[in-house]
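Colleague: Could you take me closely through one part of this model, the open sheet and the helix that packs on it? I would like the cut-offs stated as you go.

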Amino acid sequence: MMNLTKVQIDGLLATLQVRFEQHRHRHEGITWSQVRARLDANSQSLRSIHEMESSGGEPDVIGQDRQTGQLIFCDCSAESPSGRRSLCYDGAALEARKENRPAGCATELAAKMGITLLTETEYRALQTLGNFDAKTSSWIQTPADIRRLGGALFCDRRYDSVFLYHNGAQSYYAARGFRGLLRV
């Protein structure tokens with residue numbers, strides 16, 4: 001990841017503050033000054049958040065870890081981030097794909113960005129804050145026993161309900177990406 005310029009940092013912070021103010025229901029009890037202090041203390045997190053933003057994720061604070069005090073940032077774009085779609089699940093799936101290989105995989109891109117894929121629990125919690133993935137879907141962390149058998153999990157929202165599905169980890173679709181989570 002690249003180092004951010006002062007102009008990029010200032011622009012990102014302004015964008016985050018506007019989004020934070022517009023969506024207060026996502027982070028009740030948390031103030032912008034708390035967020036700003038956490039971000040100022042952790043410049044590495046700004047690079048990750050910049051990657052989330054630049055790939056269409058619209059990151060926002062969705063909570064705070066009660067044990068560590070860390071703020072939880074998550075992609076809150078209405079649909080799966082547009083810059084992170086058409087990816088298979090992980091590197092093993094990408095390597096196994098012999099024809100029509102996608103440009104990459106979700107788990108490795110997330111790691112490069114410094115974020116993690118959401119768990120099913122985290123995805124369902126996000127859905128209590130709004131309606132996400134009504135037209136797209138998002139890969140989520142897959143248990144090792146399912147992955148060992150060649151599968152991977154993804155979720156979406158249809159019919160006012162959140163659904164968990166499975167697919168071959170090698171599959172990829174224009175409407176499937178992944179949402180990331182970052183603790184700061």
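Modeller: The open sheet has four strands in the order β1-β2-β8-β3, with antiparallel pairing; strands here are DSSP runs of E with at least two residues, helices are runs of H or I with at least four residues, and both are numbered from the N terminus, while two strands pair if DSSP finds at least two bridges between them. Since β1 (59-64) and β3 (116-117) stand at the edges, each has a single partner strand, so one side of each is left without a neighbour in the sheet. Before going further, please note that this is a predicted model, in which local features need pLDDT of at least 70 and side-chain atom pairs count only at pLDDT 80 or more, whereas totals for chains, interfaces and linings use all residues. Residues are numbered from 1 along each chain as its sequence is written, and side-chain values use heavy atoms, with hydrogens and water left out.

At one edge, β3 is joined by two bridges to β8 (residues 180-183), and the two strands run antiparallel; within this pairing, L117 stands opposite G180 in β8. Helix α2 (residues 32-41) packs on the sheet, where it touches β1 and β2 (71-75), contact meaning heavy atoms within 4.5 Å. The direction of α2 makes about 90 degrees with that of β2, where axes are lines fitted to C-alpha atoms, for helices over the stretch in contact, and angles run from 0 to 180 degrees between N-to-C directions.

Turning to the helix itself, the buried residues of α2 are W32, V35 and L39, with buried meaning under 20% relative accessible area, exposed over 50%, and partly exposed in between (1.4 Å probe, protein chains only). These three cover an arc of only 60 degrees around the axis, which puts them on the same side of α2; the arc is that of the directions from the helix axis to the C-beta atoms. An α-helix has 3.6 residues a turn, so residues three or four places apart point the same way. The cover over the buried residues of α2 includes α1 (6-22), α3 (43-54), β1 and β2, so that the strands touched by the helix, β1 and β2, appear again here. On the face of α2 turned away from its buried side lie the exposed residues S33, D40 and A41.
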